[in-house]
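This report describes the fold of individual chains, the packing of their elements and some backbone details. The structure is shown first.

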Amino acid sequence: MLKQTEGSHAVAEAVALCRPEVICAYPISPQTHIVEGLGEMVKGGEVENCEFINVESEFAAMSVAIGSSATGARTYTATASQGILFMAEAVYNASGLGLPIVMTVANRAIGAPINIWNDHTDALSQRDSGWIQLFAETNQEALDLHIQAFKLAEEVSLPVMVCMDGFILTHAYERVDVPTQEQVDAFLPPYEPRQVLDPKEPVSIGAMVGPEAFSEVRYLAHAKQMQALELIPKLAEEFKTVFGRESGGLTRSYLTDDAETIVVAMGSVLGTIKDTVDEMRAAGEKIGVLGITSYRPFPIDSVRAALQNAQRVVVLEKSLAVGIGGILSTDVRMAMSGLQLRGHTVVAGLGGRAITRKSLRALFAKAARGELEHLTFLDLDWNVVNKQLERERTTRRSGPAAESMLRDVGVIAARIG
Amino acid sequence: MDKPFAITLDPGSSLANHTGSWRTSRPVYVDRLPPCNKQCPAGEDIQGWLFHAESGNYESAWRHLTKDNPFPAIMGRVCYHSCEGACNRGQIDEPVGINSVERFLGDEALKRGWKLTAPTAESGKHVLIVGAGPSGMSAAYHLRRLGHRVTVHEAGPLLGGMMRFGIPKYRLPRDVLEAEMQRVVELGVHVQLNSKVENILDTMQDGKFDAAFLAVGAHIGKRATIPAGDAAKIIDAISLLRSMEGEDQPMLGRRVVVYGGGNTAIDVARTAKRMGAEPLIVYRRTREKMPAHDFEVEEALQEGIMVKWLSTIKQADESSLTIEKMALDSKGFPQPTGEFETIEADSLVLALGQDVDLGLLEGVPGLQVSDGVVQVGSNMMTGHPGIFAGGDMVPAERNVTVGIGHGKAAAKHIDAWLRSEEYVAPVKHDTAAFENLNTWYYTDAPKTVRPMLDIIRRQSTFDEVQGGLDESTALFEARRCLSCGNCFECDNCYGVCPDNAVIKLGPGKRFQFNYDYCKGCGMCVAECPCGAIKMEAEEI
Amino acid sequence: MSFQPLHFYQTGTFTVGNRLLAEEDRTVQAEIGRTNSLNSGHRACQGCGEALGARFAIDAAMNAARGRLIAANATGCLEVFSTPYPETSWQIPWIHSLFGNTAAVATGIAAAIKVKKQKGEMGDVRVVAQGGDGGTTDIGFGCLSGMFERNDDVLYICYDNGGYMNTGVQRSSATPPAARTATTMPVGPEPGNAFGQGKFLPAIAMAHEIPYVATATVAGLHDLEYKVTKAMGMRGARYIHILVPCPLGWGAASQDTIKLARLAKETGIFPVFEAERGEVTGVLKIRRQQPVEEYLKLQKRYAHLFGKTPAVETIARLQAAADKNIRKYGLLDQEAN
């Protein structure tokens, strides 16, 4: 059924259709609307046989999820930003124990300085946690990925994060096609756990494992993600049969076949990039786009196949690995290993900085001319940065950098604090 | 379930890990000898029979008791229960009233008509027993149970010996005495009353006895050389007590002076009191030095019996006695002071000890007599093979319980001797000392006081002075037992083991250690209330 | 009505079992067929109070739940010694997630059970969470408080041995004053753990006004089982705090574990009571009051109090703290009258 609705609510509806049994959450922007929606649906009886638990922290949220999932309940939670860091220990634990929890990450920057706006640093901080991480491009895809996520998680016994850009998607009202319960039921069977806490067949879950078996346990986690790599495209196919639309998969190529320049990115920015590419194509530029849906497992082969005929690759990412540059780029470059390609890392949209078509057009053109540097910070205000660097060089007690720079750009800290 | 590797494990699989290898010392179950048992002259397994009584199974308790001593109703009245003096509970509050529970069991048996267990097979051997007192009847019982033919020759007209002729009725009612004697007779013991053995060898030969046990009581009162006028009425204590059993009770007069400080002196004085006299005990030392048991002295005083301490009798006349006052010297011995006084007395009863008539032993080769008693080996046998002796006849403390113990010991040795073997007593366990116990676990429970007859009736009748316990008080008293050194299945070891290394075998079967898992922490030892577990160094 | 010891029967209810008691008055631990939820072969130290307390409590809970029980376990000694790969000592469904999240994991289990029960996929399975004092009073406190205030249907059991024993005996907020730990060494002007710090979690639990809060020790099995059984008979958040002496951390002889727990109670150092919805409803009275020295001197962690010049003032402060408990909870009979 087509609906004009908020991204968060679309996701809430999708989760509700998946017949969750336990939902636990702690409020953090921009994830709040999702769990508020679910809370209301559970309380109002729209979602039956489901416990909604208001926990005291994200750490507790993931911990409750661990308990309920281990007891065989289909379990959902959502978080963002600082929240995912606060639950980090439990995030690793959930995957270590092989519990198929589904969690929405409404992607948001990580402080300090505190910032509620979108980038991907939060989710990517957990890239090695053992979770499957899927990135949605649109609200429709966010909705669809949640349905696929439960099936994927439960088939491989691993938790799945569905990442959607905070505010840009979560708070955007768009038209979405909300499937029927029958469709979802046809796609997603009831949860059949691989291991479960059950007095009828007692087991001890969470043993202490020493050097004699730890490597094997870790390898098996990797092996499961490799299985997921096979499974994700199949599920996308299956999804298409049931729901009649393309959604999910490992990567999505756009005009890459003859592209000399391929832009690689994740999430909602792909829309802006595609619009820019369309404009540049119209101007005769051989440029294409590779969207990455499955960040973990990282589809090395699929990425490599998409890139192998290009001349240059521009990885545009909403994340920064401080001290080296890109996070996504590192993975893309691993996929490019051995290919004679020029690679560029563009760090863009941090903390909600708008990524405009104008800036992108200039950026891609520069890349096409072979003038783009190895690492670029899109639309960086060099004036502010240089002033601060100068201040720090000259004054020992230079004060907090963020406040100083805000003063320089003319925004008073107190106003947004 | 296809469980995740290593992270998820099958339940209880740690049984594969034998933590017993950590151990440097191991707990072992032991039975320690309870101090009551150790003390009991009759060799009773007191803790053992109390165990049954604790659960209210009185018949089992009685059967367990009578394996060692067939006379619990008598014991429960006349035994001086030195066991209670040894009882570890005395260090917590008061000793367990062993004697009162024993009496309860004895009385219960008489009330319910429980019979002693008859022998299952006959040995074909015939044993002569001389004397139907406690020692003789005890030996008769044990020998009979071992399958031997037993014939008892008793000089007197009734069974019981010194129990009848030396202990007043108010302490031991005669129906009780008779019933417990008869119960032994019913096992098939042949008794010949009024049949004094004049010469043991002749009697043995005549009766073709294979062995003999001599258990003649000390029926002859000792006489002191007190200058006395012709008219002075002087009688010995034992004769007096004996005459109480007959039709004609002695005429003592109103003012009866009893000379002596032993239990017999007390018995005589209390008997005289009941006959309407005003007895006065004259004793040369102080109350603290008096050999009579304190409770008997106390009871006598309660009944209004007067005692003249630190006094000796120098002269007896028709109606008066001359007394010399004594004083204790620095060593505590009484010394004459030269100070005299005269007291009125219608009769003087001498309670200065008793001797045994050893006439029957004359001419027995090998037999040794010294200090008026027969010498026996540790096997109770005299110097003459096949003749054993016990009770008052042999060197030992003279009381009913000791006599009964001799009877039991002698029976075992006679039984072995008849098979040309030697009886080797099982090695005694180490004593269960107070330090071995963890007394925290026992409930606070003061001793039950036995009812006493009211004082007026005690002064004027021969009714039994001390009452018995009823079922609830007997049960309570039995349950005050700490079961020193012997497992009473409290489950503490089973419960407190952090390694589940104690196996509970079920009621009456106690426990076992599972040394595969026991780490040797010693908690079971520390928390065993009764000290029935000890640690032993592990041999490596 | 709180637990009332039975007298008369030789050892009454002081011993684990008692052949003289009626069947219903005996402990779960006395049964041949007890669960042994924590099985042999675990790797706890000799005389471990926590291993004992855990079996006592979980067996009782299993008994009350008629075998339908799931346990969540915090990181710590209990977890490490019971489940090193490839063996587990647990015979019940059991999960270890993290150090600080056990109460929340249990909440999740309870929520799952509730739904599964509604759907008819599961019977009435009950949930126990358990951890040491570090995992409960310190790192796990947030999750515990959350579980309490939501009144989730979980019985949380804390095995308190007064420190982080698993990591080598460091101070926790349950470490008593003056005690030596690896991070409160007996040096300087105030040797051992400082006075005026730490928290008594049962009181904090009571402040949540949850249905049931109780304390117990491994020295009072009947009382402990009574409390676990009572707690299992209730719904909502329940908390039982069990004192479990640690031979290693306390520097005590392995056979003295129960004795020390007994002395902790008999001195008043550890008040044994129960409370419903924030109000104390019963106390286990001191039976044979002892001065605190009797408790302290058996433990090397207090050895610095008994050196050449005994720390009389410190001992007096510890005695005062015990006396305060006695007054506050009415631990002596005359106090209650």
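The text below goes through overall form, sheets, helix pairs, one chain contact and local backbone geometry.

The model is predicted.

## Chain C as a whole

Chain C holds twelve helices and eight strands. Its radius of gyration is 19 Å, close to the 20 Å given by the globule rule for 337 residues, so chain C is as compact as a globular protein of that length. The C-alpha trace of chain C spans about 70 × 45 × 40 Å along its principal axes. Burial is counted for 64% of the 337 residues of chain C. Among the contacts in chain C with a separation of 6 or more, 67% are between residues 24 or more positions apart.

## Two sheets of chain B

Strands of a sheet pair through backbone hydrogen bonds, in either the parallel or the antiparallel sense. Chain B offers an example of each kind.

One is an open sheet of five strands in chain B, with parallel pairing and the order β8-β15-β9-β10-β11. Its edges are β8 (234-236) and β11 (306-308) of chain B; each has a single partner strand, so one side of each is left without a neighbour in the sheet. Direction ignored, neighbouring strands of this sheet are turned by 25° against each other on average. At one edge, β8(B) runs parallel to β15 (residues 347-350) of chain B and is joined to that strand by three bridges. Within this pairing, Ile234(B) has Leu348(B) in β15(B) as its bridge partner. Helix α12 (residues 263-274) of chain B lies across three strands, namely β9 (255-259), β10 (278-282) and β15 of chain B. The helix α12(B) runs at about 165° to β10(B).

The other is an open sheet of three strands in chain B, ordered β12-β13-β14, with antiparallel pairing. Here β12 (311-316) and β14 (334-344) of chain B are the edge strands, and each pairs on one side only. From one strand to the next, the twist averages 30°. Eight bridges link β13 (residues 320-328) of chain B with β14(B) in the antiparallel sense. In that pairing, Ser320(B) stands opposite Glu344(B) of β14(B).

## Two helix pairs

Two packed helices are described by the angle between their axes and the distance between the axes.

In chain B, helix α6 (residues 98-112) packs on helix α16 (residues 471-478) at an angle of about 135°, and the axes are 9 Å apart. That angle makes α6(B) oblique to α16(B). Their crossing is left-handed. The residues that meet are Ser100(B), Val101(B) and Phe104(B) from α6(B), and Ala474(B), Glu477(B) and Ala478(B) from α16(B).

In chain A, helix α3 (residues 58-70) and helix α5 (residues 88-96) cross at roughly 20°, and their axes come within 8 Å. With angles under 35 degrees counted as roughly parallel, α3(A) and α5(A) are therefore roughly parallel to each other. The crossing of α3(A) and α5(A) is also left-handed. Residues of α3(A) in this packing include Phe59(A), Met62(A) and Ile66(A), while those of α5(A) include Glu89(A), Val91(A) and Ala94(A).

## Contact between chains C and A

How many residues does the contact take from chain C and from chain A? Chain C contributes 38 residues and chain A contributes 37 residues. On the side of chain C that touches chain A, the elements giving two or more residues are β1 (69-73), β2 (94-96), α3 (102-118) and α5 (141-150) of chain C. Of these, α3(C) gives the most, with 13 residues.

## Backbone details

Cis peptide bonds and positive phi values are listed together here.

| Site | Feature | Value |
|---|---|---|
| Gly111(A) to Ala112(A) | cis peptide bond | omega about 5° |
| Tyr85(C) to Pro86(C) | cis peptide bond | omega near 10° |
| Asn49(A) | positive phi | phi near 50° |
| Arg277(C) | positive phi | phi about 45° |

Ala112(A) belongs to the loop between β5 (102-107) and α6 (121-124) of chain A. Pro86(C) lies in the loop between α2 (77-82) and β2 of chain C.

Asn49(A) is found between α2 (32-43) and β3 (51-54) of chain A, in a loop. This residue has 17 other C-beta atoms within 10 Å and is partly exposed. Arg277(C) sits in the loop between β7 (273-276) and β8 (279-283) of chain C. Arg277(C) also counts as partly exposed, with 13 C-beta neighbours inside 10 Å.

Definitions and conventions: Residues numbered from 1 in each chain as written. Chains lettered and ligands numbered in written order. Predicted model: local features only at pLDDT ≥ 70, side-chain atom pairs only at ≥ 80, totals over all residues. Helix = DSSP H or I, 4+ residues; strand = E, 2+ residues; numbered from the N terminus. Rg over C-alpha atoms; globule rule 2.2 N^0.38 Å. Buried ≥ 20, exposed ≤ 12 C-beta atoms within 10 Å, placed from the backbone. Contact = placed C-beta atoms within 7 Å. Pairing = 2+ DSSP bridges. Axes fitted to C-alpha atoms, helices over the stretch in contact; angles between N-to-C directions. Parallel < 35°, antiparallel > 145°, perpendicular 65-115°, else oblique. Left-handed = near helix turned anticlockwise from the far one by under 90°.
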